[in-house]
Amino acid sequence: MLKLSMLNLVPLREGQTPKQAIQSMVTLAQTAERLGYERYWIAEHHNMPNLLSSATQLLVGHTLANTQTIRVGTGGVMLPNHSPLAVAEQYGTLATIYGDRIDLGVGRAPGTDPRTALALRRNAQDVSMNFPHDIQTIQRYFGSADEQGYVKAYLAMDKNVPLYILGSSTESAYLATGLGMPYVFAGHFAPRMMEMAVQIYRNGFKPSKYLDKPEVIICVNIIVADTDEEAHLLHTSQQQQFLGVVSGQMKPLQPPVADMSAVWSDDQEFAVKQMLGEDIIGSKESVRKQLLNLQARVQADEIMALNYIYDEAKQAESFEMLKEIADTL
């Protein structure tokens with residue numbers, strides 16, 4: 001069976017309040033748990049009116065408090081915005097409360113625009129080049145007592161929360177190979193280098209005390225419906241969401257529309273479809289074929305699925321049908 005997990009950016013739907021959107025996040029996590037998904041990750045984004053995943057550690061804690069067994073994590077903590085000590089203390093505290101249910105995906109990008117990235121820091125220094133060192137520092141904080149220095153994250157010590165390197169390029173693949181860590185590729189918005197990055201990671205992987213063989217998770221947008229036509233209609237909400245990124249006019253998640261040509265220009269359509277080039281959309285049979293095609297190319301150990309379906313009931317049905325498909329592969 002193909003392992004499945006979920007990623008959630010906590011979108012604000014048209015007509016929702018922020019509190020209702022956060023409740024939708026929790027409800028979807030409970031659905032993931034009921035269906036037997038491996039893990040449920042929450043992203044980090046800032047200064048976006050339609051994505052509420054800015055205080056990620058609080059949302060992770062809230063999700064853990066409202067679920068029982070599913071692993072909950074970050075997709076990811078964007079390390080330029082945080083000190084390694086603060087990350088270790090926050091997630092060490094969560095591990096103290098909730099036990100071994102926490103994953104820590106970490107990324108090099110800030111998860112926002114440059115001006116907002118500067119506002120997140122206390123000075124103008126770009127610390128993104130510290131990413132490999134910051135990862136190793138966090139791993140030390142989560143390690144045994146004899147690994148610690150003068151500064152310790154006491155609630156993190158001996159928790160060994162697993163870290164995953166997130167990436168959307170080949171650069172992250174080289175880093176994950178060198179550190180011997182699991183690799184999560186962002187095929188849901190940057191699919192162009194996916195196959196190359198996975199090949200680099202697998203070919204160059206160096207075993208470590210954290211992982212003895214390569215582990216690849218591919219993030220991909222997947223929508224399953226009763227028919228291909230319905231799935232593509234539901235997908236127009238996602239296309240509108242990415243159109244907001246391209247145009248800079250971000251709105252709450254919109255209901256589906258019958259004709260996207262009335263919504264975007266030719267240039268905008270091209271840009272959005274480049275970003276969504278690996279999306280898997282269709283009926284159960286269509287999605288099954290598309291998943292097999294994806295697996296033939298990348299041989300993922302796990303698929304981390306997400307979608308921007310406006311109707312929450314339809315979204316839950318989509319994830320249920322996807323789990324039924326994966327269980328037969």
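**Exercise 1. Is Lys273 buried, partly exposed or exposed, and at what relative accessibility?**

Solution. This is a predicted model.
- Step 1. Take the value: Lys273 has 44% relative accessibility.
- Step 2. Apply the cut-offs: buried means under 20%, exposed means over 50%, and partly exposed lies in between.
- Step 3. Conclude: Lys273 counts as partly exposed.

**Exercise 2. Find the salt-bridge partner of Lys273 and place the pair in the chain.**

Solution.
- Step 1. Recall the principle. Side chains of opposite charge can pair when their charged atoms come close.
- Step 2. Name the partner. The side chain of Lys273 meets that of Glu269, at 2.7 Å from N to O.
- Step 3. Place the pair. Both residues sit in helix 9 (residues 266-275). They are four residues apart, so about one helical turn separates them.
- Step 4. Check the partner's surroundings. Glu269 is partly exposed, at 24% relative accessibility.

**Exercise 3. Describe the salt bridge between Asp100 and Arg71.**

Solution.
- Step 1. Give the distance. The closest N and O atoms are 3.4 Å apart.
- Step 2. Locate both ends. Asp100 is in the loop between helix 3 (84-98) and strand 4 (102-107), while Arg71 is in strand 3. The pair links distant parts of the chain, 29 residues apart.
- Step 3. Classify each end. Asp100 is exposed, at 64% relative accessibility. Arg71 is buried, with a relative accessible area of 18%.

**Exercise 4. Which parts of the chain does the salt bridge between Arg202 and Asp301 tie together?**

Solution.
- Step 1. Give the distance. The closest N and O atoms of Arg202 and Asp301 are 3.8 Å apart.
- Step 2. Locate both ends. Arg202 lies in helix 7 (residues 194-204). Asp301 lies in the loop between helix 10 (284-298) and strand 9 (302-306).
- Step 3. Conclude. The pair ties together parts that are 99 residues apart in sequence.
- Step 4. Classify each end. Arg202 is partly exposed at 26%, and Asp301 is partly exposed at 36%.

**Exercise 5. Describe the largest pocket and its lining.**

Solution.
- Step 1. Give the volume. The largest pocket holds about 840 Å³.
- Step 2. Look to the centre. Of the 37 lining residues, the closest to the centre are His45, Met78, Ala109, Ala186 and Phe189.
- Step 3. Name contributors. Elements that give two or more residues to the lining include strand 3 (71-78), helix 6 (170-179) and helix 8 (228-247).
- Step 4. Sort the lining. It divides into 21 nonpolar, 13 polar and three charged residues.

Key:
Residues numbered from 1 in each chain as written. Predicted model: local features only at pLDDT ≥ 70, side-chain atom pairs only at ≥ 80, totals over all residues. Heavy atoms only, no water. 1 Å grid on protein atoms, 1.4 Å probe; cavity = no way out; pocket = protein on both sides within 12 Å on 5 of 7 lines; lining within 4 Å. Points joined across faces, edges and corners; volume = space filled by probe spheres on them. Nonpolar A, V, L, I, M, F, W, Y, C, P; charged D, E, K, R; others polar. Salt bridge = Lys/Arg side-chain N within 4 Å of Asp/Glu carboxyl O. Buried < 20%, exposed > 50% of the residue type's maximum accessible area, 1.4 Å probe, protein only.
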